[in-house]
Amino acid sequence: QVQLVESGGGLVQAGGSLRLSCAASGSMFSINAMGWYRQVPGKERELVAAISSGGSTYYADSVKGRFTISRDNVKNTLYLQMNSLKPEDTAMYYCAKFRGSYDTSGIHYWGQGTQVTVSS
């Protein structure tokens, strides 16, 4: 069983920065792709960024150039550096572990989420 625990969310003014972390328990962290999703009430959960086991990355168009996803396979931790935050980035952010690659497989495990609120 894998547990994913997010941290780092909070309230920030527009233009500010936050860094989210996702600590993963269990083995085989380095093998699967990992990602960050976000969701606002009434909308579907959307993929914000993903990173493969080899370090290849994907970003949603809305966050390109502002967010950076990274992983530390020694610490079993996933990160999301969020810069130049906008009010529309306000959402619950979820860490996710894919069953395989992020472009062909589904999610195997979800974290409990961390709230990010950006004030204007």
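Helices and strands are here DSSP runs, with at least four residues for a helix and at least two for a strand, numbered from the N terminus.

**Figure 1. Overall fold of the predicted model, a protein with zero helices and 11 strands.** Along the sequence, the succession of elements reads β-β-β-β-β-β-β-β-β-β-β. The radius of gyration is 13 Å, close to the 14 Å that the globule rule gives for 120 residues, so the protein is as compact as a globular protein of that length. Along the principal axes, the C-alpha atoms occupy a box of roughly 40 × 25 × 25 Å. Of the 120 residues, 45% count as buried. When contacts between residues at least 6 apart in sequence are considered, 57% of them join residues at least 24 apart.

**Figure 2. Surface and charges of the protein.** The accessible surface amounts to about 6100 Å². Carbon and sulfur atoms account for 48% of that surface. The protein carries 11 positive and 8 negative charges, and the mean positions of the two sets lie 4 Å apart.

**Figure 3. The disulfide between Cys-22 and Cys-95.** The structure holds one disulfide, and its two sulfur atoms are 2.1 Å apart. The pair links distant parts of the chain, for Cys-22 belongs to strand S3 (residues 18-24) and Cys-95 to strand S9, with their positions 73 residues apart in sequence. The torsion about the S-S bond is about -75°, so the disulfide is left-handed. Cys-22 has a relative accessible area of 0% and is therefore buried. Cys-95 likewise counts as buried, at 0% relative accessibility.

**Figure 4. Asn-76 in the loop between strands S7 and S8.** This loop connects strand S7 (67-72) with strand S8 (77-82). Most residues other than glycine have a negative phi. The phi of Asn-76, however, is positive, near 55°. Is Asn-76 buried or exposed? With a relative accessible area of 19%, Asn-76 is buried, because the limit for that class is under 20%. Leaving aside neighbours within four places in sequence, Asn-76 is in contact with Cys-22, Ala-23, Ala-24, Gly-26 and Phe-29. One of these partners, Cys-22, is also a member of the disulfide shown in the preceding figure.

**Figure 5. Ser-84 in the loop between strands S8 and S9.** Strand S9, which follows this loop, spans residues 91-98. Ser-84 is a residue other than glycine with a positive phi, near 50°. Which exposure class does Ser-84 fall into? Its relative accessibility is 40%, and Ser-84 therefore counts as partly exposed. Strand S9 also holds Cys-95 of the disulfide.

**Figure 6. Pro-41 in the loop between strands S4 and S5.** The flanking strands are S4 (34-39) and S5 (46-51). Pro-41 counts as exposed because its relative accessibility, 82%, satisfies the requirement of over 50%. How far apart are the C-alpha atoms of Pro-41 and Leu-80? They are separated by 21 Å, and the two residues stand 39 residues apart along the chain.

Technical notes:
Residues are numbered from 1 along each chain as its sequence is written. This is a predicted model: local features need pLDDT of at least 70, side-chain atom pairs count only at pLDDT 80 or more; totals for chains, interfaces and linings use all residues. Side-chain values use heavy atoms; hydrogens and water are left out. The radius of gyration is taken over C-alpha atoms; the globule rule is 2.2 Å times the number of residues to the power 0.38. Buried means under 20% relative accessible area, exposed over 50%, partly exposed in between (1.4 Å probe, protein chains only). Contact means heavy atoms within 4.5 Å. Accessible areas come from the Shrake-Rupley method with a 1.4 Å probe; for residues, only the protein chains shown count as cover. Lys and Arg count as positive and Asp and Glu as negative; His and the chain ends are not counted. The place of a charge is taken as NZ of Lys, CZ of Arg, CG of Asp or CD of Glu. A disulfide is a pair of cysteine sulfur atoms within 2.5 Å.
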